[in-house]
Each structure stands twice: as C-alpha cells, then as structure tokens.
Amino acid sequence: MLDGMTDVGVRDINTARRDLRPVMQRSLKRAIPCVDKGLHSGVPVTMTLRPAPAGHGVVFKRTDVDADQVNPFVDAKFDAISDTRLCSTVSNADGVSVATIEHLMAALYATGVDNVLIELDGPETPVMDGSSEPFVFLIDCAGTVDLNAPRKVVRVLKDVRVETEAGFAALSPVDELEDGLSIDLTIDFPCDVIGRQSKSVRVAEGRFAREIAKARTFGFMHEVDAMRKAGLALGGGLDNAVVIDGETILNEDGLRYRDEFVRHKILDCIGDLALCGAELVGAVRAERTGHALNNALLHALFSDPSNYEIVDAATLEAPMPQGRFLAAAE
Ligand SMILES: [Zn+2]
C-alpha cells in the first residue's frame with residue numbers, strides 16, 4: 001500500500017544496495033533546496049542542502065544572520081544541543097541556533113550522508129510533512145557521492161544507561177560490527193489510541209526508508225493551547241502531524257502505519273543519536289525516551305573514553321572471518 005508496486009526486481013536490487021553499510025564518507029552530488037514553514041516557529045524557511053568535502057561533517061549555516069556580527073555556522077553535534085523541549089535545537093557560542101533538526105538528521109544518518117552544508121534563512125528546519133520522508137526524497141534527488149576518505153565509526157564498548165523517573169535509554173556493544181546501529185524502543189501513553197507500542201529496527205538505509213521514514217510527528221489537541229502560548233507548534237497542523245483529540249485521530253487519512261507513533265519515536269532517536277558525528281555501532285534499548293534523554297545518552301557515552309572507540313568504517317568490513325579480522329585490526 002505504502003510502497004510502489006511496480007519494478008519489483010529493480011526495487012530488490014536497490015533495497016539490497018541500500019542495506020549495505022557505507023564505508024566511505026558520503027556527500028551530495030549537487031545542491032538541492034526546499035521551502036516550508038517551521039513546525040514550532042511557523043515561519044517560512046528556505047533550506048538548501050549543499051555538497052561538502054570529507055571531514056566537513058553536518059553543519060548548518062544561518063544565511064539570515066549578519067555574518068560580520070555573529071558566527072552563522074552551527075555544528076550538528078551532541079554538545080551543541082541547547083534545547084530539547086519538543087524538538088532538538090543546536091546553538092553556537094554566539095547564540096545562533098537551528099531548531100527541529102532531528103527529522104533531517106535521521107534522513108542524513110540513514111542515507112549515510114556524513115558531509116553536508118545546510119543553509120537556512122530562518123531559525124528552524126522546514127517541517128515538510130512531519131516525517132523524514134521528504135528529506136530522504138531530497139537526498140535521493142540530489143544524489144549521493146562516496147568521497148575518497150573512510151567513514152568514522154563510534155563503536156560502543158561498554159553498557160551506558162541514562163534514566164529519568166519516566167523512562168530510560170541504554171546503549172550496549174554489539175558482536176556483529178556490520179549490524180551498525182539497532183534500536184529497540186517502547187512508548188507508553190495513557191490513551192487507547194496510542195497505548196503501549198514496541199518496535200526493533202536495524203538502522204539500514206533501505207529499512208529506514210520502508211519502515212521508519214514516513215512516520216510523522218504527533219501531538220495532542222489538549223496540549224496545543226499550552227504549546228502555542230509557549231511559542232511552540234505555531235506551524236503544526238494536520239498536514240504535518242498526527243493530531244489526537246481524546247481517543248480520536250483527527251487526520252482524515254488516519255495513520256500511515258498501525259504503530260506510526262513508536263516508529264516516529266525511533267525516527268527521533270536516530271536523528272538525535274546522529275549528533276554523535278559519525279556512524280554509531282551499538283544497540284539502543286529505550287523506553288519512554290525523548291530528545292533530552294537521547295542527548296543525555298550521548299553525553300554519558302562520551303563522558304568516559306573507555307565507553308567507546310573511534311575507528312574507520314572500512315576497517316570493519318573485511319572479506320575474511322570476523323575473528324581473524326579483529327585480531328588483525330588490533
Ligand atoms: Zn519528531
């Protein structure tokens with residue numbers, strides 16, 4: 001229903017390619033723009049994704065600020081997070097910020113795009129349809145190019161856990177390095193329309209596109225007034241969010257997946273963890289997590305150098321048996 005039904009053979013080939021972990025750093029073939037309003041600001045914004053060289057990373061550039069007065073560049077890094085109320089916001093030392101980066105970050109992470117300059121003429125990314133799918137489409141339209149430099153991998157070596165009274169998020173090492181990042185997430189909302197939902201995914205480009213990318217953000221009617229008074233969700237509506245009123249989903253077309261809510265929380269988690277600045281190799285288990293806890297998990301991981309190692313992705317992918325390979329790499 002959600003996937004195209006034609007060219008099954010071609011789809012299979014593309015899907016297989018998309019499920020291989022990239023080992024070389026990746027950028028875009030060409031620049032590509034899009035325009036929409038921000039979810040929270042409600043302000044129209046033009047965003048252009050531009051190719052960038054190896055080692056550049058994911059960097060935002062606010063073109064609407066005076067570059068003679070303030071630094072317009074903001075790194076998409078976990079230690080640049082300045083606000084996690086309802087969305088993830090990054091800021092630089094001059095207070096220049098970009099809000100609601102997580103849906104774009106998830107699309108970049110899942111498509112293996114390490115290096116991109118993201119120009120924005122406003123304080124927030126465009127909301128599009130409230131999911132990552134339009135960003136995956138943009139990246140597909142621009143095309144990707146593998147650069148002549150190995151990708152960096154942050155490999156989890158020890159269990160790391162953060163928690164609040166409401167929930168927890170934990171990272172564990174994985175045996176199979178080529179599995180990359182996997183996420184096992186549970187949500188639990190006190191309303192029947194959502195309730196308790198769990199899902200596990202291995203974050204590969206093809207699986208992300210099929211199972212996660214289309215899942216939209218969601219909100220509750222009874223919270224909308226309070227959010228708007230706080231200057232949030234000003235751009236939110238039925239065209240870019242699943243809106244729940246009591247036990248009713250207000251969107252005419254209903255849900256895109258039966259468990260769209262937990263899938264969106266996985267999408268958010270991928271986007272937030274993408275701020276580690278490299279591919280993350282580990283297994284996430286989380287219950288009732290959110291942007292603050294996702295960010296706290298990365299802070300906990302990087303707080304102790306014995307929790308992780310940073311290696312080249314190419315050295316993880318060898319044709320020989322894994323045991324022999326690991327011995328050779330050490
Ligand atoms: Zn989200």
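## Helix H2 and the five-stranded sheet

Helix H2, which spans residues 102–110, is mostly covered, with nine of its nine residues buried. The model described here is predicted. The buried residues of H2 are Glu 102, His 103, Leu 104, Met 105, Ala 106, Ala 107, Leu 108, Tyr 109 and Ala 110. What covers these residues includes two strands, E4 (58–62) and E9 (116–120). The cover also includes the helices H3, H4 (205–212), H6 (260–273) and H7 (291–302). After H2 comes Gly 112, which has a positive phi near 75°.

How are the strands of the sheet ordered? The sheet is open and is made of five strands in the order E2-E3-E9-E4-E5, with mixed pairing. Strand E2 (32–37) and strand E5 (73–75) are at the edges and have a single partner strand each, so one side of each has no neighbour in the sheet. From one strand to the next, the twist averages 25°.

Strand E3 (residues 44–51) pairs with E2 in the antiparallel sense and also runs antiparallel to E9. The table sets out these two pairings.

| Strands | Sense | Bridges |
|---|---|---|
| E2 and E3 | antiparallel | six bridges |
| E3 and E9 | antiparallel | five bridges |

Individual residues can be followed across these pairings. Pro 33 has Thr 48 of E3 as its bridge partner, and Ile 32 stands opposite Leu 49 in E3. Towards E9, Met 47 has Leu 120 as its bridge partner.

E2 and E3 also form a hairpin, with six residues between the two strands. In the turn of this hairpin, Gly 42 has a positive phi of about 75°.

Which residues of E3 lie on its covered face, and which on its uncovered one? The covered face holds Val 45, Met 47, Leu 49 and Pro 51. The uncovered face holds Pro 44, Thr 46, Thr 48 and Arg 50. Thus Met 47, the partner of Leu 120 in E9, belongs to the covered face of E3, as does Leu 49, which stands opposite Ile 32. Thr 48, the partner of Pro 33, belongs to the uncovered face.

A helix also packs on the sheet: H3 (residues 133–142) touches E2 and E3. The direction of H3 makes about 160° with that of E2. H3 is also among the elements that cover the buried residues of H2.

Note on methods. Residues numbered from 1 in each chain as written. Predicted model: local features only at pLDDT ≥ 70, side-chain atom pairs only at ≥ 80, totals over all residues. Pairing = 2+ DSSP bridges. Helix = DSSP H or I, 4+ residues; strand = E, 2+ residues; numbered from the N terminus. Axes fitted to C-alpha atoms, helices over the stretch in contact; angles between N-to-C directions. Contact = placed C-beta atoms within 7 Å. Buried ≥ 20, exposed ≤ 12 C-beta atoms within 10 Å, placed from the backbone.
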